[in-house]
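Student: I am new to this structure and would like a close look at a single part of it. Please take one residue as the starting point and work outward from there.

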Amino acid sequence: MPGTFFSIRARPQARRSGLVLTLLLTGVAIAGCSGGDFGRSRQDVRNDDMHRWLGGEATGSIGLRASQFQLTDNERMLRDLAFPLIEPPHSRPAWKSVFGDYKPLPSPWRQAVIFDRTAYGRLLIDEPHRSHMSRYAQLMEDVRDDITRFEPFFATAVRVIDLDTKRNASLKQVSELAPRERDDAVARMQENTLIVQWVQQCLEQRISSYRWALERLVIQAPDNIAADADRLIGELAAQTANPPVMTQPVIGRAVVVKG
């Protein structure tokens, strides 16, 4: 009597469970490629010179070449501290950060860049909030962040500009200085100067944006805490109006946006 064989078939529920698990694992893998763990930037973006592009963007926007010199520790720190002040405040909501949305920003010397002082305030007010107090709290937190970042950036800027002054004076003393070496030295000094001016301009823009946002909050959701927010903005404005280091415009004029 021939043996009886029963074909083994996966149950529909098991097949569906396997498909769901496969899709889930695939989604996790893709997410891992797009963004870093816990919302941090991707490792392929994070490196010691991840903000080096600031100098090339600043000089390139006015038709100058970037230096081929490696960054010094101070120059690298200048760029690292500059980026949070250059990136528009509150521009990357938490839900976006998981996708590693870091990207270079255009410098203010590019004619196509148009500053919208209302953008920050509209984003702040239009986002869903459980209470109007959270809007004031977010505004004050953003201003405090800028005040906290101000001193470290400009302390570094003072060191970099001082060393560039000495570098410029030493160019005449260097023996057998090659034209390319001189060009790279000059280009690096221009980069550093433009980055400092870029931050100064962005701070003026931030102050203008903060004031516009506070004015709209006052008429939409008046609260006595508005006076505290106004004092914070005034403190940032006073610091920005009297920076610890003054630089000469590389192209004869600086782009200035008063708030």
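Tutor: Leaving out residues up to four places away in sequence, M77 touches T156 and R159. The model is a predicted one. M77 belongs to helix α3, which covers residues 73–86. With a relative accessible area of 38%, M77 is partly exposed, since that value falls between the 20% limit for buried and the 50% limit for exposed. M77 and V160 are 83 residues apart along the chain, and 9.7 Å separates their C-alpha atoms.

Further along helix α3 comes F83. Its relative accessibility is 6%, so F83 counts as buried. The whole structure holds five aromatic pairs. One of them joins W53 and F83 edge-to-face, with 6.1 Å from centre to centre and 80° between the planes. W53 sits in helix α2 (residues 53–60) and F83 in helix α3, so this pair ties together parts that are 30 residues apart in sequence. W53 and F83 also belong to one aromatic cluster with W198.

Another aromatic pair is F150 with F154, which is tilted: the centres are 4.5 Å apart and the planes meet at 35°. Both residues lie in helix α6 (residues 132–170), and because they are four residues apart there, about one helical turn separates them. F150 and F154 are both buried.

Helix α2, which supplies W53 to the edge-to-face pair, deserves its own paragraph. Six of its eight residues are buried, so α2 is largely enclosed by the rest of the structure. The buried ones are W53, L54, G55, E57, A58 and T59. They pack against α3 and α7.

Two of those buried residues of α2, E57 and A58, also appear among the contacts of S107. S107 is located in the loop that runs between α4 (94–97) and α5 (119–126). Its relative accessibility is 0%, so S107 counts as buried. The side chains of S107 and S61 are joined by a polar contact of 2.8 Å. If neighbours within four places in sequence are set aside, S107 is in contact with E57, A58, S61, V113 and W198. Of these, W198 is the residue that forms the aromatic cluster with W53 and F83.

The loop holding S107 leads to α5. In α5 the buried residues are Y120, G121, L124 and I125. Seen down the helix axis, they fall within an arc of 120°, so they line one face of α5. Their cover includes α6 and α7 (179–220).

That leaves the largest pocket, with a space of about 610 Å³. It is lined by 24 residues, and those closest to its centre are I86, P88, F115, D116 and Q205. Helices α3, α5 and α7 each supply at least two residues of the lining. The largest share, five residues, comes from α7. The helix where this account began, α3, which contains M77, is thus also one of the contributors to the lining of the largest pocket.

Methods: Residues are numbered from 1 along each chain as its sequence is written. This is a predicted model: local features need pLDDT of at least 70, side-chain atom pairs count only at pLDDT 80 or more; totals for chains, interfaces and linings use all residues. Side-chain values use heavy atoms; hydrogens and water are left out. Buried means under 20% relative accessible area, exposed over 50%, partly exposed in between (1.4 Å probe, protein chains only). Contact means heavy atoms within 4.5 Å. Rings of Phe, Tyr and Trp (its six-membered ring) pair if their centres lie within 6.5 Å; planes under 30 degrees apart count as stacked, over 60 as edge-to-face and the rest as tilted. A polar contact is a pair of N or O atoms within 3.5 Å; within protein, one must be able to donate a hydrogen and the other to accept it, and residues adjacent in sequence count only if both atoms are side-chain atoms. The arc is that of the directions from the helix axis to the C-beta atoms. On a 1 Å grid over the protein atoms alone, a cavity is a set of points where a 1.4 Å probe fits but cannot get out, and a pocket is an open set with protein on both sides within 12 Å along at least five of seven lines; lining residues have an atom within 4 Å of a point. Grid points are joined across faces, edges and corners, and a volume is the space filled by probe spheres set on the points.
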